[in-house]
Amino acid sequence: MVPRKNTAKDLWQPQRRIEVTYKRSLRQIVKRMNKVIRGLRTADEITRALKKFTESTEFKKYAESCSKKMITSIFSDAGKTWREAAKANSRGRTIYEALKNELSGPIGSAVNEQIQKNAELIKSMPLDVAKEMTDYAAKQSYSGRRASDIAQDLQKEFEYVSEKKANLIARTEVSKASTELAKARCENLGVRWYIWRTSEDQRVRSSHSHMEGVLICWDNPPSPEKILGIKSSLGYYHAGECPNCRCYPEPVVSLDFVKWPCKVYYNGSIQSMTRKKFEEIAA
């Protein structure tokens, strides 16, 4: 592991530009959907139009293109980071060799899996929005409002609801994909531990702020909320894996760059350990 920089451009942190580009692509979908429903008079017409849009070959190809561009950008950027890490420790040659051949092995499969998974999520976006619109229309219709008036409301709310969903997908999925690819690379290299890193600003949730700098085993994800006694349905997860999370894993390629004693998640709690103690439990 290379020394951690005290800047927003931390070596292992997913690049902000990837999220921005991805969000821009998703907003193009919102614009296209908005154009498709413009002028429609009922909620049923809007739903049918969005379903037809979702099933179009053009939309499916665009969704797959967006997904591939985002995942390959993360993969490429992370590859540079791993090469930087390789320069700073004794496992450099092993890492270099693994990076050269990784696409032909399990890493290649992980990349393709992430592309397909994300493409399916994008494809589901119009129908998810349509469902929200249908639920709203049903409630309004039950209260006695006219279908044409309800449709006008939907026209006004559609872009706001769609953009909100697009922003959530962009923010969440870039982090999740980055973590999944980091995990796959670590497994391929036999790197079993990482350090939980946060964006270190005021928007970091308290349960995640508590995890900053903690050593985590990939085989044993924590429940940050449970550690603090906070009720939550999120369960157990790694850095960057829950909605709206901007945390990320910093792989521990070498223990030489870890500042000891260090906080370690072990047996369901966070403990302070010396290097000697950690080597005993990590063996």
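This report covers the fold, surface and salt bridges of a predicted model.

## Fold

The protein has 9 helices and 5 strands. Along the sequence, their order is α-α-α-α-α-α-β-α-β-α-β-β-β-α. Six helices therefore precede the opening strand in that pattern, given how helices and strands are numbered from the N terminus. The pattern ends on a helix.

The C-alpha trace spans about 70 × 45 × 30 Å along its principal axes. Contacts with a separation of 6 or more were sorted by sequence distance: residues 24 or more positions apart account for 71% of them.

## Burial and surface

The protein has 283 residues, and buried residues make up 46% of these. The exposed area is about 15200 Å². Carbon and sulfur atoms supply 49% of that area.

## Charge

Positive side chains number 51 and negative side chains 34. The centres of the two sets lie 3 Å apart. Salt bridges found across the whole structure come to 17. Three of them are described below, R16 with E19, R146 with D149 and R192 with D219.

## Salt bridge within helix α1

E19 pairs with R16, and their closest N and O atoms are 3.0 Å apart. Both residues lie in helix α1, which covers residues 16–37. They sit 3 residues apart, about one turn of the helix.

Is each partner buried or exposed? E19 has 10% relative accessibility, so it counts as buried. R16 is at 52% and therefore counts as exposed. The cut-offs behind these labels are under 20% for buried and over 50% for exposed.

## R146 and D149

D149 forms a salt bridge with R146. The closest N and O atoms of this pair are 3.4 Å apart. D149 is partly exposed, with a relative accessible area of 24%. R146 is exposed, at 56%.

## A link between distant loops

R192 bridges to D219, with closest N and O atoms 3.7 Å apart. This pair links distant parts of the chain, 27 residues apart. R192 is in the loop between α6 (147–189) and β1 (193–197). D219 is in the loop between β2 (215–217) and α8 (224–227).

R192 is partly exposed, with a relative accessible area of 37%. D219 has 61% relative accessibility, so it counts as exposed.

## A shared network

Which residues are joined into one network by salt bridges that share partners? They are R16, E19 and K23. The R16 and E19 pair in helix α1 thus belongs to a wider set that includes K23.

Definitions and conventions:
Residues are numbered from 1 along each chain as its sequence is written. This is a predicted model: local features need pLDDT of at least 70, side-chain atom pairs count only at pLDDT 80 or more; totals for chains, interfaces and linings use all residues. Side-chain values use heavy atoms; hydrogens and water are left out. Helices (H or I, at least four residues) and strands (E, at least two) are DSSP runs, numbered from the N terminus. Buried means under 20% relative accessible area, exposed over 50%, partly exposed in between (1.4 Å probe, protein chains only). Contact means heavy atoms within 4.5 Å. Accessible areas come from the Shrake-Rupley method with a 1.4 Å probe; for residues, only the protein chains shown count as cover. Lys and Arg count as positive and Asp and Glu as negative; His and the chain ends are not counted. The place of a charge is taken as NZ of Lys, CZ of Arg, CG of Asp or CD of Glu. A salt bridge is a side-chain nitrogen of Lys or Arg within 4 Å of a carboxyl oxygen of Asp or Glu.
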